[in-house]
Amino acid sequence: MSATLFWQGFWRLADPKISLASFAGLWLGACSAAAYSNLHWGWLALTILGVFCVEVAKNASGEIVDYDSGTDLAINETERTPFSGGKRVLVDGLLTREQTAGISRLFFLAAVSIGLVLVFLIDYRILFFGLAGMALAWFYHAAPVRLAYRGLGEAAVALAYGPLVVCGTYFVQTSTLSAPLVHVSCALGLHVAGFLWINEFPDSRADKAAGKRHLVVRLGTDRAANAYVVLLASAYCWLAFASLAFPGATGYLWGLVGLPLASFSAWRLLQRTNDIPALVPAQAASLGGFVMMALGAGTGYLLSTPGT
């Protein structure tokens, strides 16, 4: 297998579009920490690298599980979108099974090594963030838990890309937690889970046939579309509550800048629930919505905090 194919496969596993979910949380956590103290750029770089390694490892291990279950094989060309349908590095012959497994092991090992450096040099309590993140990443696809196959993948994503990434980034810098940030991170986590949710619609036929019973499969597309609206509305209501309920947290209200994109995404899904090509703009808007929520909330809080 050529080096060109290998790097094409690796690029798919790294998937910059999907990695925006973790980088959004990293931004929110780092901005919140920078509002009170100077950032330690070395620790931040290691945090970013560690999260990236977990992303790649999770995607690689998930490719093997989804290939073996038949999920990726069952998706036809008309159901693929830039945001759904799997990475398909095995289906498209970009990587061998051994290469994919090797990438997963290598990047999980790298993530563990980076986490242990942070634990030993900063605060032992970082270990709890790391263990939780690694467990969610591994058992998202892997047996015996297989969260994504049991209707628990959405909750896992909300937890991982919300409180774990955001508050973990903040904790590495400050060795403390912030009550308003915990709430805002939960709002972001719901929005990121919404992005996963809308990406499950094009895959729902193939996933159902392969036994991957995520919530869109369990609810059916019509009810799941309504639930998507509730999910995004809850995210922005939670953000507004956290911003107004805690003194000095109003800067987080700038996260509402993501609301127009989220609204378009929800409207489009309701109008064209079973029209896969028409859902692509809604998927893109959902991604843009959570990115803008994180950028707006983090930047707004940083700039509105006295002394920064």
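Start by selecting Phe-6, Trp-7, Phe-10, Phe-52 and Phe-107: together they form one aromatic cluster. Keep in mind as you click around that this is a predicted model. The structure holds 11 aromatic pairs. For one of them, zoom in on Trp-7 and Phe-10, whose ring centres sit 5.7 Å apart with the planes at 80°, so this pair is edge-to-face. Now show the backbone here: both residues belong to helix H1 (residues 3–14), and they are 3 residues apart, about one turn of the helix. An α-helix has 3.6 residues a turn, so residues three or four places apart point the same way. Which of the two is buried, and which is exposed? Turn on the surface and check: Trp-7 is exposed, at 54% relative accessible area, while Phe-10 is buried, at 15%.

Next, go to Trp-27, which you'll find in helix H2 (residues 16–34). Its relative accessibility is 39%, so Trp-27 counts as partly exposed. What does Trp-27 touch, once residues up to four places away in sequence are set aside? Select Ala-294, Leu-295, Gly-298 and Thr-299 to see the answer. While you're there, draw a C-alpha to C-alpha distance from Trp-27 to Leu-232: the two are 205 residues apart in sequence and 20 Å apart in space.

Now pick helix H3, residues 41–69. Its 29 residues span 42 Å from first C-alpha to last, close to the 42 Å expected at 1.5 Å a residue. Step just past the end of H3 and you land on Gly-70, with a positive phi of about 95°.

Time for some backbone oddities. Most residues other than glycine have a negative phi, and most peptide bonds are trans. Select Arg-88, in the loop between helix H4 (71–74) and H5. Arg-88 isn't a glycine, yet its phi is positive, at about 60°. Buried or exposed? With a relative accessibility of 4%, Arg-88 counts as buried.

Carry on to Leu-121, which lies in helix H5 (residues 97–121). Leu-121 counts as exposed, with 57% relative accessibility. If you want another distance on screen, pair the C-alpha of Leu-121 with that of Thr-221: they are 100 residues apart along the chain and separated by 48 Å.

Then select Ala-143 and Pro-144, and look at the bond joining them: it's a cis peptide, with omega about 5°. Pro-144 is in the loop between helix H6 (126–139) and H7.

From there, bring up helices H7 (residues 153–174) and H8 (residues 179–210) side by side. Two packed helices are described by the angle between their axes and the distance between the axes. Here the axes come within 7 Å and cross at roughly 145°, and H7 passes H8 in a right-handed crossing. To paint the contact, select residues including Val-157, Tyr-161, Val-166 and Tyr-170 on H7, and on H8 residues including Leu-188, Val-192, Leu-196 and Trp-197. Colour the whole contact by residue type and you get 16 nonpolar, 4 polar and 2 charged.

Last stop: Ser-175, in the loop between H7 and H8. Like Arg-88, with its positive phi of about 60°, Ser-175 is a non-glycine whose phi is positive, at about 60°. Put the surface back on for a final look: Ser-175 is partly exposed, with a relative accessible area of 25%.

Key:
Residues numbered from 1 in each chain as written. Predicted model: local features only at pLDDT ≥ 70, side-chain atom pairs only at ≥ 80, totals over all residues. Heavy atoms only, no water. Helix = DSSP H or I, 4+ residues; strand = E, 2+ residues; numbered from the N terminus. Expected span 1.5 Å × (residues − 1). Axes fitted to C-alpha atoms, helices over the stretch in contact; angles between N-to-C directions. Left-handed = near helix turned anticlockwise from the far one by under 90°. Contact = heavy atoms within 4.5 Å. Nonpolar A, V, L, I, M, F, W, Y, C, P; charged D, E, K, R; others polar. Phe/Tyr/Trp six-rings, centres within 6.5 Å; stacked < 30°, edge-to-face > 60°. Buried < 20%, exposed > 50% of the residue type's maximum accessible area, 1.4 Å probe, protein only.
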